[in-house]
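Student: Hey, got a minute to walk me through a model? I'd like to get my bearings before going back to the bench.

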Amino acid sequence: MPKVTIDRESCISCASCWTECPSFFFENPDDSFSMIKEEFRNGKDINTGEVPEDLVDCVQQAADLCPVQIIHVDVKGPQNT
Ligand code: SF4
């Protein structure tokens with residue numbers, strides 16, 4: 001599955017990502033920065049996760065919309081087709 005990383009320390013809490021793709025991103029109630037929903041995370045790290053195929057388009061769209069470009073999507077995944 002494609003991997004996602006958020007450089008949270010540079011987030012400006014603009015709300016674009018969790019508005020565009022609320023199934024995957026949400027606002028951390030403590031610092032108001034974006035984070036990845038628990039079911040998609042790698043372990044306990046709120047900055048990194050894996051995207052199921054049905055959410056790839058919206059996660060990519062959210063990454064494209066981020067005004068500070070801190071959402072990184074590795075769309076290559078494990079397949080070489
Ligand atoms: S779109 Fe980017 S800057 Fe805006 S809340 Fe999401 S991660 Fe933060």
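Tutor: Sure, let's go through the sheet, the core, the ligand shell and a few odd residues. Keep in mind that this is a predicted model.

Student: Okay, sheet first. What order do the strands come in?

Tutor: It's an open sheet of four strands in the order 4-5-1-6, and the pairing is antiparallel. Strand 4 (41-42) and strand 6 sit at the edges, each pairing on one side only.

Student: How many bridges join strand 1 to strand 5, and how many join it to strand 6?

Tutor: Strand 1 and strand 5 (residues 45-50) share three bridges, while strand 1 and strand 6 (residues 71-74) share four. If you want to find them on screen, Lys3 is the bridge partner of Glu50 in strand 5, and Val4 is the bridge partner of Val73 in strand 6.

Student: And what about strand 4?

Tutor: Strand 4 is joined to strand 5 by two bridges, again antiparallel. Arg41 has Gly49 of strand 5 as its bridge partner.

Student: Back to strand 1. Which residues are on its covered face?

Tutor: Val4 and Ile6 are on the covered face of strand 1 (residues 3-6), whereas Lys3 and Thr5 are on the uncovered one. In a regular strand, side chains alternate between the two faces of the sheet.

Student: Which helix lies across strand 1?

Tutor: Helix 2 does. It lies across strand 1 and strand 6, and runs at about 140 degrees to strand 6.

Student: So what's in the core?

Tutor: The largest nonpolar core has 15 residues, and Val59, Ala62 and Ile71 touch the most other members. Strand 1, strand 3 (34-36) and helix 2 (56-65) each give two or more residues to this core. The largest share, three residues, comes from helix 2.

Student: What does Ala62 touch, if I skip its sequence neighbours within four places?

Tutor: Ala62 is in contact with Ser16, Cys17, Glu20, Cys21, Phe25 and Ile71.

Student: Switching topic: which residues come nearest to the ligand?

Tutor: There are 14 residues around the ligand, and Cys11, Cys14, Ser16, Cys17 and Cys66 come nearest. Two of those names should ring a bell: Ser16 and Cys17 are also among the contacts of Ala62.

Student: How does that shell divide into nonpolar, polar and charged?

Tutor: The shell has 11 nonpolar residues, three polar and no charged.

Student: Anything odd in the backbone?

Tutor: Two residues are worth a look. Most residues other than glycine have a negative phi. Ala15 has a positive one, near 80 degrees, and Gln69 has a positive one near 55 degrees.

Student: Where are they?

Tutor: Ala15 is in the loop between strand 1 and helix 1 (16-20). Gln69 is in the loop between helix 2 and strand 6.

Student: Is Ala15 buried or exposed, and why?

Tutor: Ala15 is exposed, because 12 other C-beta atoms lie within 10 Å, and 12 or fewer counts as exposed. Gln69 counts as exposed too, with 11 C-beta neighbours inside 10 Å.

Student: Last one: what is Asp74 in contact with, again skipping neighbours within four places?

Tutor: Asp74 is in strand 6 and is in contact with Pro2 and Lys3. Asp74 counts as exposed, because it has 12 C-beta neighbours inside 10 Å. From Asp74 to Glu50 is 9.4 Å, C-alpha to C-alpha, and they are 24 residues apart in sequence.

Student: Great, that gives me plenty to click through.

Terms used
Residues are numbered from 1 along each chain as its sequence is written. This is a predicted model: local features need pLDDT of at least 70, side-chain atom pairs count only at pLDDT 80 or more; totals for chains, interfaces and linings use all residues. A residue is near a molecule or strand if its C-beta atom, placed from the backbone, lies within 6 Å of it. Ala, Val, Leu, Ile, Met, Phe, Trp, Tyr, Cys and Pro count as nonpolar, Asp, Glu, Lys and Arg as charged, and the others, Gly among them, as polar. A residue is buried if 20 or more other C-beta atoms lie within 10 Å of its own, exposed if 12 or fewer, and partly exposed in between; C-beta atoms are placed from the backbone. Two strands pair if DSSP finds at least two bridges between them. A nonpolar core is a set of buried Ala, Val, Leu, Ile, Met, Phe, Trp, Tyr and Cys residues joined through C-beta atoms within 7 Å. Two residues are in contact if their C-beta atoms, placed from the backbone, lie within 7 Å. Axes are lines fitted to C-alpha atoms, for helices over the stretch in contact, and angles run from 0 to 180 degrees between N-to-C directions.
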